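Reader: Could you take me through this model? I would like to begin with the general picture and then ask about details.
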Amino acid sequence: MGVDYEGKKIGMWMFLFTELLFFGGMFLLYSVFRYRFPLDFHAAAAHENVWLGSVNTFILLTSSFAIALAISAMRKGRSRLSASLQLATIGMGIAFLCIKSVEWATKIQLGLYPNSPVLLQKGPGEVLFFGLYYVMTGIHGLHVLIGICVIAFMVVLTRRKKITRQNPIKLENTGLYWHFVDIVWIYLFPLFYLIT
Amino acid sequence: MRKADTQIPAGSYATYAVVWLALVALLGATIAVAKMHLLVRYSVLAPLAIASAKAGLVLIYFMHLRYEGWFLKSMLLVTVATLTAFIALTFVDVWYR
C-alpha cells in the first residue's frame with residue numbers, strides 16, 4: 001500500500017472543491033445574465049446543436065464508466081485490462097474534443113465569436129451568452145485535455161508497474177478528476193443546449 | 001470513518017454497468033423533457049433536477065462517496081453549502097435591487 005493513501009485522496013478532493021467553486025462562479029454569472037436577458041438567451045441557444053451536445057454527453061458519461069472500470073480492474077489485479085480501459089477513456093476524451101471543435105468551428109464560420117461584427121449587432125444578452133459559452137466550454141475542454149494527458153501518464157505508469165493493485169492511488173485520483181470534469185459537463189449540457 | 005490507509009473495496013463491474021445505464025437513461029429523459037416544451041417554470045427546473053440526479057450517481061458510485069466517512073462527506077457538504085450561499089446572496093441582490 002502506498003504511503004498515506006487517505007491523505008493523498010483527501011488532497012485530491014480538496015483540489016476538486018476549489019475547482020467546484022471556480023466553475024461555480026461561472027455558473028453563477030450565467031444564471032444572473034440568463035435572469036436579466038431571458039429572450040436574448042433563448043434566441044442565442046437556438047444556435048446550439050442539441051444532437052452534437054447529446055452525443056458528447058453520451059461519450060463523456062461512457063468515458064467515466066470506462067475509467068471506473070479501469071480502477072476496478074486494477075484493484076482486482078488485472079493491470080493489462082486496466083491499461084486498455086484507460087486508453088479507451090483517452091479515446092473518448094479525444095472524440096469529445098473533436099466534436100467540440102466541430103461545434104466551435106461551425107459557430108465561428110457563422111460569425112458567432114466574441115467581438116465579431118455579426119455578434120455585435122445582436123442584443124447584449126446574446127453577446128453575453130456566446131461569451132459565456134466560449135469561456136465555460138473552453139475551460140471545460142481545457143480540463144478534458146489535461147485529463148487526457150494525465151491518463152496517458154497513468155497508462156505509462158501502469159505498464160511500468162508503478163501503479164499496482166497494492167498502490168493504485170494515482171489512478172484513483174486521476175479517476176476522481178475525470179469524474180469531476182464529467183459532472184461539470186453534466187450541468188453545462190442542459191444550460192447551453194436544452195434550456196431554451 | 002475507515003481507518004487511515006484502508007482502501008475502499010473494488011467496485012463490481014455489474015454495479016458500474018447499471019449506473020452507466022441509469023446515466024444514459026437520464027440523458028434520454030432530459031432530452032425528451034426538453035423536446036416536450038414544458039411550462040417556462042419547469043423548463044429550467046426539470047433539466048437541472050435531472051442533471052443533479054446524474055451528478056449524484058457519478059459522485060456516489062463512480063467517485064465512491066458511498067464508501068467514504070463523515071469527514072470527506074462533510075467537507076463536500078461545506079463546499080456545496082458555500083456555493084449555494086454565494087448563489088442565494090447574489091440572487092437576493094438581483095431580485096430586490
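Author: The conversation below turns to one chain, its partner and a single proline. This is a predicted model, in which local features need pLDDT of at least 70, side-chain atom pairs count only at pLDDT 80 or more, and totals for chains, interfaces and linings use all residues. Residues are numbered from 1 along each chain as its sequence is written, while chains are lettered from A and ligands numbered from 1 in the order in which they are written.

Reader: What is the secondary structure of chain B?
Author: Chain B has three helices and zero strands, counting DSSP runs of H or I with at least four residues as helices and of E with at least two as strands, numbered from the N terminus.

Reader: And which domains does chain B have?
Author: The assignment, which is automatic or from a database, gives domain 1 (11-63) and domain 2 (67-97). Their C-alpha centres lie 21 Å apart.

Reader: How many residues of chain B are in contact with chain A?
Author: 33 residues of chain B are in contact with 35 of chain A, contact being C-beta atoms, placed from the backbone, within 7 Å. Helix 1 (13-36), helix 2 (40-62) and helix 3 (70-96) of chain B each supply at least two residues of that side.

Reader: Changing topic, is Pro114(A) buried or exposed?
Author: Pro114(A) is exposed, because 12 other C-beta atoms lie within 10 Å; the cut-offs are 12 or fewer for exposed, 20 or more for buried, and partly exposed in between.

Reader: Which residues does Pro114(A) contact, leaving aside neighbours within four places in sequence?
Author: Pro114(A) is then in contact with Phe130(A), Gly131(A) and Tyr134(A).

Terms used: Two residues are in contact if their C-beta atoms, placed from the backbone, lie within 7 Å.
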